[in-house]
Amino acid sequence: MFSEKMDLRLPGPVQVPREIQRAILRSFDHPMMDYRNEEHQEILKEAAEAAKKVFQTKNDVYILCGSGASALETAMVNLVGPSDTILICVIGYFGDYLVDIAEHIGVNVIRVDAPWGEIVDPRDVKKALEQHPEIKAVFATHCETSTGAINNIKELGSIVRQFDAVFVADAVSSIVGTPLYMDDWGIDIVATGGQKALMLPPGNALVAVSDKAWGVIDNHKCPSFYLDLKKYRELLPKGHTPYTPNIALVNGLLESCRMIERGGGIEAAYKRHACLRDMTRSGVRALGLELLVDDSAASPTLTSVVFDRMDSDSLRKLMREQFHVAVGGGLGKQKGKLLRLGHMGYTDAADILKMFAALELGLTKVGFNVQLGAGVSAAQKYWLENPYC
Ligand SMILES: *Cc1c(COP(=O)(O)O)cnc(C)c1O
């Protein structure tokens with residue numbers, strides 16, 4: 001009966017606010033706009049300008065049509081080719097993604113790994129850079145969405161900045177939700193998508209590029225026609241993109257940035273997400289469940305719960321069908337063994353309480369002995385003392 005009711009407590013895609021839905025629909029509420037007209041040029045320029053605040057950068061932010069993966073591929077294909085070597089920090093499924101992209105391009109990869117749920121030791125990256133002066137770029141996932149661990153991007157940036165290599169961060173599930181200061185932290189390319197904490201429907205790939213990265217890009221022939229950043233750089237000042245932009249999503253991006261501003265700005269967004277994380281973690285602990293990631297590296301955008309005593313997918317199905325609350329499961333080798341609770345973007349404290357109420361009933365139904373209300377109550381108590389979300 002309620003087939004269209006669904007609370008997305010997923011680590012992406014996320015709930016799209018009405019404000020953004022309306023901004024997107026407005027794009028279709030009149031005859032199709034010629035994206036070369038002045039009105040659209042102004043919107044594109046405004047959206048790209050507003051996005052700078054979200055990236056905490058003075059650099060340009062380029063808007064491409066694509067998903068998060070295309071933003072990552074854009075970064076790689078513009079910097080390096082088959083004769084080059086890069087270092088990739090791998091702490092989960094999305095780190096492997098970067099390795100996979102590198103293999104498609106034919107780049108040599110040096111890996112620095114940490115077990116799933118942990119983060120890389122920046123000293124290992126420093127050692128590798130000292131041993132391999134040929135490393136042209138270092139890639140790291142900021143928030144590893146398969147585990148909910150946050151790599152120490154600030155520390156990694158301060159290390160890479162001492163070398164010729166450029167530093168690229170996959171910020172798909174961290175931007176807006178997790179402190180990220182592109183310029184201050186020395187990140188040369190930030191690659192992200194719109195469908196996580198930016199609260200947009202999928203389809204925007206966003207890439208910001210530092211001067212140091214341009215120095216490499218300008219000396220490299222990009223073998224991709226569509227992803228060639230030099231063309232985006234040339235046209236952005238005119239409010240153009242080299243190829244047809246997704247007008248609706250550009251409108252959506254602008255509204256998303258405006259919503260963040262209305263909510264007190266990007267720092268307030270970080271604080272809100274940290275509160276959602278800590279509410280969630282206190283609820284998980286009160287239920288006697290195990291958190292995958294240590295407090296010191298826990299993501300403000302999602303929380304992974306170890307759930308390997310039975311297939312987590314059956315619990316997720318029950319929560320979805322009975323209560324219309326969708327939570328994430330494990331990815332890759334952790335399929336069926338994790339619950340990934342998403343709390344990014346359009347999420348407030350009451351959403352967390354509802355998620356725990358549904359989770360507690362779901363756990364009881366699948367045969368777990370939990371104290372009903374324990375998770376809800378712990379989350380409520382956390383909020384009373386820290387009312388930031
Ligand atoms: C979601 C995600 C991606 C992939 O994004 P797509 O939009 O599915 O291509 C890449 N990296 C991270 C860290 C993500 O969370």
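Trainee: In this predicted model, which strands does helix α4 lie across, and at about what angle does the helix run to β3?

Mentor: Helix α4 covers residues 93–105. The strands it lies across are β3 (85–90), β4, β5 (135–141) and β8. Its direction relative to β3 is about 160°.

Trainee: In what order do the 7 strands of the open sheet stand, and which are the edge strands?

Mentor: The pairing in this sheet is mixed, and the order is β2-β10-β9-β8-β5-β3-β4. An edge strand here pairs on one side only. The edge strands are therefore β2 (61–65) and β4 (108–113).

Trainee: In what sense do β8 and β9 pair, and which residue of β9 stands opposite D170?

Mentor: Residues 166–170 form β8 and residues 189–193 form β9; the two pair in the parallel sense over 3 bridges. Opposite D170 stands A191.

Trainee: How many residues apart in sequence are the parts that K354 and D7 tie together?

Mentor: The side chains of K354 and D7 form a salt bridge, 3.3 Å from N to O. K354 belongs to helix α12 (residues 349–365) and D7 to strand β1 (residues 7–9), so the pair ties together parts separated in sequence by 347 residues.

Trainee: Is R281 buried or exposed, and what about its salt-bridge partner D295?

Mentor: The closest N and O atoms of R281 and D295 are 2.8 Å apart. Buried means under 20% relative accessible area, and R281 has 6%, so R281 is buried. D295, at 48%, is partly exposed.

How values were computed
Residues are numbered from 1 along each chain as its sequence is written. This is a predicted model: local features need pLDDT of at least 70, side-chain atom pairs count only at pLDDT 80 or more; totals for chains, interfaces and linings use all residues. Side-chain values use heavy atoms; hydrogens and water are left out. Helices (H or I, at least four residues) and strands (E, at least two) are DSSP runs, numbered from the N terminus. Contact means heavy atoms within 4.5 Å. Axes are lines fitted to C-alpha atoms, for helices over the stretch in contact, and angles run from 0 to 180 degrees between N-to-C directions. A salt bridge is a side-chain nitrogen of Lys or Arg within 4 Å of a carboxyl oxygen of Asp or Glu. Buried means under 20% relative accessible area, exposed over 50%, partly exposed in between (1.4 Å probe, protein chains only).
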